[in-house]
Amino acid sequence: MKYDVNLDLQNRVEEYSFKDVAKQANGSAWLKSGDSVILATVVIDETEIVKDDFLPLTVQYIEKTYAAGKIPGGFFKRETKPSDFETLTSRIVDRSLRPLFPKGFGHPTQITIMVFSADADADLQVLALNAASAALYVSDIDINTSVAAVRAAKIDNELVLNPTLSELKNSTLDLYLSGTKDDLLMIEMRSIGSNEIELTDNYAMDPLLDPSIGATAIQTHISNAVKEDELIDILEQTQKLLFETNSKYEESFKEHKKETQPLECKAHMLNEEMVKYVRDNHMSDIESAMNQMAKSERSTALRALRKNIIQANPQWAEVETEVELKDAIEAVKKEQVRGQILSKRVRADGRALNEVRPITIDTNILPKAHASCLFTRGQTQALVVLTMGGPKDAQMFESLTDDGTQNENFMVHYNFPGFSVGEASPVMGTKRRELGHGNLAKRALEPTVDLDGQTVRLVSEILESNGSSSMATVCGGYMALKAADIQTSDTIAGIAMGMVSDKDNYAILSDIMGLEDHDGDMDFKVTGSKDGITAMQMDIKLGGISLDILKEALYQAKEGRSHIIDIMLEAESKIEFNDGVLPSVDFFHIDPSFIGEIIGQAGKTIREIIEKFEVAIDIDKKDGKVKITGKNKSGVEGAKKHIHGIVNTPKVAKIKYEVGDIYEGTVKKIVDFGAFIELPDGTDGLLHISKISKERVEKVSDVLTEGEKITVEILEFKGNKISLGRA
């Protein structure tokens, strides 16, 4: 393969070939970086143009297991539906490249990215966007701006740009930026939780006797939420690299760009006669429709207005003319929404710019679910249901860059049925948007929990939607965690921010509704605690955004988030647990020298505890850490109390028994073939039914009772078992 461009970038080298493969595509780029090879292609349908006002762009990121020398796992040995990683990567590329297309571009466009070889340390999401942007830039489409991706990590409190995957595993921050050489277009950010070991003085011990017991190690889980000022500093440094990278791309790629072909764009000239008619005669109807749209994302009111206008003006009844009227009504509505916000600083539903809609929270409303929360904010409502499980309940998955199968033990699944926005549509399979929203909520909440072997699944059912159901999922998800009595390091809430701007003025909006999302210039979701941010997602619809405005938006989001957290904390104090169905888990430490007593002879003692209290017990023999999991809290507490009883019972020195020795023992358990006798040091021996009495014994319980003291003789040893006789 002959490479046309070789670029030495931050922490990696990228080599591009533009003319050797996929020559029938409108644009293609073969990218090699390390041992990773990716092909990106762009194809447009020059013969068709979509009439509706949207960009018909489809992005597909595709991985094949041969790229890592693997054969697909499972029954089918051929790749089937896209993995979550493939779908999420496709969304990232789509959101980054969509703003490049000129307004009115209506030709169906397909961008395909295929991974042919995968380096175990490669950041495939960064390479995928860079390859797709290169293919688009050198294509014959009239797009002359490149987009690049940069990932930032924070390792040992140091900022690392474009880290390898190995480095990212040790990071407390995962920040993904995309943009052009002039504008920042998209941000994906999450903090990564970690455990910290803190040594505290143990005043009960004399360290002069044993220095190792002069301090106690306490493990604490922290979310590593990022403060607003720190995030802005990181963005500033990352953005510089982003702009430098794009300058290198454009300088290197421009000589390989194909000759631009003329393509028809949809005419976006408004019918000024219709616009004036709507302004002069129907402003009150527009305002009324806006108020109704504050209650739903449906545009029923605007459709009704269009029909009324056509009845009064039959000359506008033709299909194409009706489309012009629709555009005119939409333009006046958008003008009214934006103008009212910028001039009067008042929103369509009457709220102030930084005002959050009313919130109600109801927890554990589903009796048989482990935990649940109905979170309602304005006209957005999410029912989030939590289910707890063990290690075997984790989601298994494979990735190109990992060896073997991985397990995901914290899952957030988001569902958006049509009825939530008043649409008469069937519930189908999971869509890209649903997967993306669930992933955002997962990134928001996961840093705050240390599940230590547990599996937790959160399912968010959106029952009503008018703006930012993903943030309602975050808030409801946190409350469901607390309703399941799961420990978290922070209280986490989410808020959706928006922005409306013109050349001279701008307004930042807190807790945007669907109308403001549709007609605004920015969609900006922030989650975190009162102190910092755990996840963020930002898309700029028009141009870029200055870091000064972004900083203002972050602090306004913090104010709104704090308000929501106060409401959540009040609701948290009123939670009543579903004790009858809620599994319980407890962790504690014991002196490792007592583990033998807890396990018992051949595991007998621990089996008795498990059966009696209906629990599962895991013991780390090295450090004495005990984990008890049960179907309910009472069983877990009973098992814990029983174990503490064993640990707190003074140890009895083991006796070296000899054949012929006589001891007093206690009848511990009666069985059909005899009785188990507990000897003075706690060791059990078997008194067979034939050795209980000189007379024939038909039933052991006729002669002995549990708890009775009797004198026995050691008859023989069979391995670790002791055979007894009546003395």
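1. How many residues lie between β7 and β8 in their hairpin, and which residue in the turn has a positive phi? In this predicted model, two residues separate the strands, and Asp156 in the turn has a positive phi of about 55°. Strand β7 covers residues 148-155 and strand β8 residues 158-161; the two pair in the antiparallel sense over four bridges. Within that pairing, Ala153 has Val160 of β8 as its bridge partner.

2. A hairpin is also formed by β30 and β31, with two residues between them. Here Gly719 in the turn has a positive phi, of about 70°. Strand β31 (residues 721-726) is joined to β30 by six bridges in the antiparallel sense, and Gly725 in β31 stands opposite Glu713. Strand β30 (residues 709-718) also pairs with strand β27 (residues 662-671), again antiparallel, over five bridges. In that pairing Glu713 in β30 stands opposite Ile662. Glu713 can therefore serve as a landmark when following β30: Ile662 of β27 is opposite it, and so is Gly725 of β31. As background, strands of a sheet pair through backbone hydrogen bonds, either parallel or antiparallel.

3. Next comes the six-stranded sheet. Its strands follow the order β1-β2-β3-β4-β6-β5; the sheet is open and the pairing is mixed. The edges are taken by β1 (5-9) and β5 (57-63), each of which pairs on one side only. On average, neighbouring strands in this sheet are turned by 15° against each other, direction ignored. Inside the sheet, β4 (residues 36-44) runs antiparallel to β6 (residues 109-117), and eight bridges join the pair. Val42 is found opposite Ile111 in β6.

4. A second open sheet has five strands in the order β13-β14-β15-β19-β18, and its pairing is mixed. Its edge strands are β13 (359-363) and β18 (410-415); each has a single partner strand, so one side of each has no neighbour in the sheet. The average turn between neighbouring strands of this sheet is 15°, direction ignored. Strands β15 (residues 380-389) and β19 (residues 455-464) run antiparallel and are joined by nine bridges. Leu383 has Glu461 in β19 opposite it.

5. Which helices lie across these sheets? Across β1 and β2 (12-17) lies helix α4 (residues 228-253), running at about 165° to β1. On the five-stranded sheet, helix α10 (residues 469-483) lies across β13, β14 (371-377), β15, β18 and β19, at about 145° to β14. Helix α12 lies across β13 and β14, and its direction is about 30° from that of β13.

6. Helices α4 and α12 (residues 547-572) also meet each other. Their axes come within 10 Å and cross at roughly 150°. Angles over 145 degrees count as roughly antiparallel, and α4 and α12 are therefore roughly antiparallel to each other. The crossing of α4 past α12 is right-handed. On the α4 side the contact is made by Glu228, Asp229, Leu231, Ile232, Leu235, Glu236 and Gln239. On the α12 side the residues are Leu547, Leu550, Lys551, Leu554, Tyr555, Lys558 and Arg561. By class, this contact has seven nonpolar, one polar and six charged residues.

7. Another helix pair is α14 (residues 604-613) with α15 (residues 633-648), whose axes come within 9 Å and cross at roughly 150°. That angle makes α14 roughly antiparallel to α15, and their crossing is right-handed. From α14 the contact uses Thr605, Ile609 and Phe613; from α15 it uses Gly635, Gly638, Ala639, His642, Ile643 and Ile646. The class count for this contact is five nonpolar, four polar and no charged residues. The contact of α4 with α12, by comparison, has six charged residues.

8. Finally, salt bridges. How many does a search of the whole structure find? The search finds 35. One salt bridge joins the side chains of Asp174 and Arg190, at 3.1 Å from N to O. The pair links distant parts of the chain, with Asp174 in strand β9 (residues 173-179) and Arg190 in strand β10 (residues 184-191), 16 residues apart.

Key
Residues are numbered from 1 along each chain as its sequence is written. This is a predicted model: local features need pLDDT of at least 70, side-chain atom pairs count only at pLDDT 80 or more; totals for chains, interfaces and linings use all residues. Side-chain values use heavy atoms; hydrogens and water are left out. Two strands pair if DSSP finds at least two bridges between them. Axes are lines fitted to C-alpha atoms, for helices over the stretch in contact, and angles run from 0 to 180 degrees between N-to-C directions. Contact means heavy atoms within 4.5 Å. Angles under 35 degrees count as roughly parallel, over 145 as roughly antiparallel, 65 to 115 as roughly perpendicular and the rest as oblique. A crossing is left-handed if the near helix is turned anticlockwise from the far one by less than a right angle, and right-handed if clockwise. Ala, Val, Leu, Ile, Met, Phe, Trp, Tyr, Cys and Pro count as nonpolar, Asp, Glu, Lys and Arg as charged, and the others, Gly among them, as polar. A salt bridge is a side-chain nitrogen of Lys or Arg within 4 Å of a carboxyl oxygen of Asp or Glu.
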